[in-house]
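Work through the exercises below with the sequence and the 3D view side by side, and try each task before reading its solution.

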Amino acid sequence: MVELEEAVMEIIVNAGQSRSLCFEALQAARKGDINKAKSLLQEADGFARQAHHMQTKLIEQDAGEARQPMTLIMVHAQDHLMTSLLARELSEEIIHLYQR
């Protein structure tokens with residue numbers, strides 16, 4: 001069974017790293033380094049996958065016998081994950097514009 005605090009911190013840290021890499025990718029694209037931008041997006045994807053994987057574990061646990069309490073920190077972690085996923089999608093679109 002996954003400990004709630006550990007899981008929440010893993011989601012926050014990985015989602016935050018993913019989001020940071022997306023913004024680094026945008027900076028690289030702005031400077032004209034599209035290859036670096038794409039590489040940074042791929043790196044961001046790895047962190048996003050880790051965060052999403054932990055979220056999935058918590059959902060599976062919650063669907064079974066180990067109900068999870070809804071806490072402010074859990075909402076905060078979910079917010080970080082969703083924000084990072086949105087940043088990833090928008091970054092890719094903006095990088096395509098820079099590439100043109």
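The model shown here is a predicted one, and every value in the solutions was computed from it or is said to come from a record.

**Exercise 1. The overall fold**

Task: Work out how many helices and strands the chain has, and describe the pattern that they form along the sequence.

Solution: Begin by counting the elements, which gives 3 helices and 0 strands in the chain. Reading along the sequence then yields the pattern α-α-α. For the dimensions, follow the C-alpha trace along its principal axes, where the chain spans about 50 × 20 × 15 Å. As a last step, look at the contacts with a separation of 6 or more: residues 24 or more positions apart account for 79% of these contacts in the chain.

**Exercise 2. Surface and charge**

Task: Find what share of the residues counts as buried, and state how much area the chain exposes.

Solution: The chain has 100 residues, and of these 37% count as buried. Turning to the outside, the chain exposes about 6500 Å², of which carbon and sulfur atoms supply 54%. The charges can be treated next: the chain carries 10 positive and 15 negative charges, and the mean positions of these two groups are 11 Å apart.

**Exercise 3. A network of salt bridges**

Task: Determine which residues are linked in a network of salt bridges, and place each of the pairs in the helices.

Solution: The count comes to 2 salt bridges, and each can be taken in turn.

- Step 1. The side chains of Arg88 and Asp45 meet in a salt bridge, with a distance of 2.6 Å from N to O. This pair links distant parts of the chain, since Arg88 belongs to helix α3 (residues 72-99) and Asp45 to helix α2 (residues 34-63), 43 residues apart.
- Step 2. Arg88 also meets Glu92 in a salt bridge between their side chains, here at 2.9 Å from N to O. Both Arg88 and Glu92 lie in helix α3, and the 4 residues that separate them correspond to about one turn of the helix.
- Step 3. Putting the pairs together, Asp45, Arg88 and Glu92 are linked in a network of salt bridges.
- Step 4. Now compare the accessibilities with the cut-off, which is that buried means under 20% relative accessible area. Arg88 has 17% relative accessibility and therefore counts as buried. Asp45, with a relative accessible area of 21%, is partly exposed, and Glu92 is partly exposed as well, with a value of 33%.

**Exercise 4. Annotated residues**

Task: Find out which residue the UniProt annotation "active site" covers, and where UniProt places the feature "binding site".

Solution: In the unreviewed UniProt entry, the annotation "active site" covers His76, and the annotation "modified residue: Phosphohistidine" from the unreviewed entry covers His76 too. His76 has its place in helix α3 and is partly exposed, with a relative accessible area of 36%. The feature "binding site" is placed by the unreviewed UniProt entry at Asp79, a residue that lies in helix α3. To classify Asp79, recall that partly exposed covers the range between the buried limit of 20% and the exposed limit of 50%; its relative accessible area is 47%, so Asp79 is partly exposed.

How values were computed
Residues numbered from 1 in each chain as written. Predicted model: local features only at pLDDT ≥ 70, side-chain atom pairs only at ≥ 80, totals over all residues. Heavy atoms only, no water. Salt bridge = Lys/Arg side-chain N within 4 Å of Asp/Glu carboxyl O. Helix = DSSP H or I, 4+ residues; strand = E, 2+ residues; numbered from the N terminus. Buried < 20%, exposed > 50% of the residue type's maximum accessible area, 1.4 Å probe, protein only. Contact = heavy atoms within 4.5 Å. Areas by Shrake-Rupley, 256 points an atom, 1.4 Å probe, with all protein chains shown as cover. Lys, Arg positive; Asp, Glu negative; His and termini not counted. Charge placed at Lys NZ, Arg CZ, Asp CG, Glu CD. UniProt positions renumbered as here; feature names shortened; annotations may be inferred.
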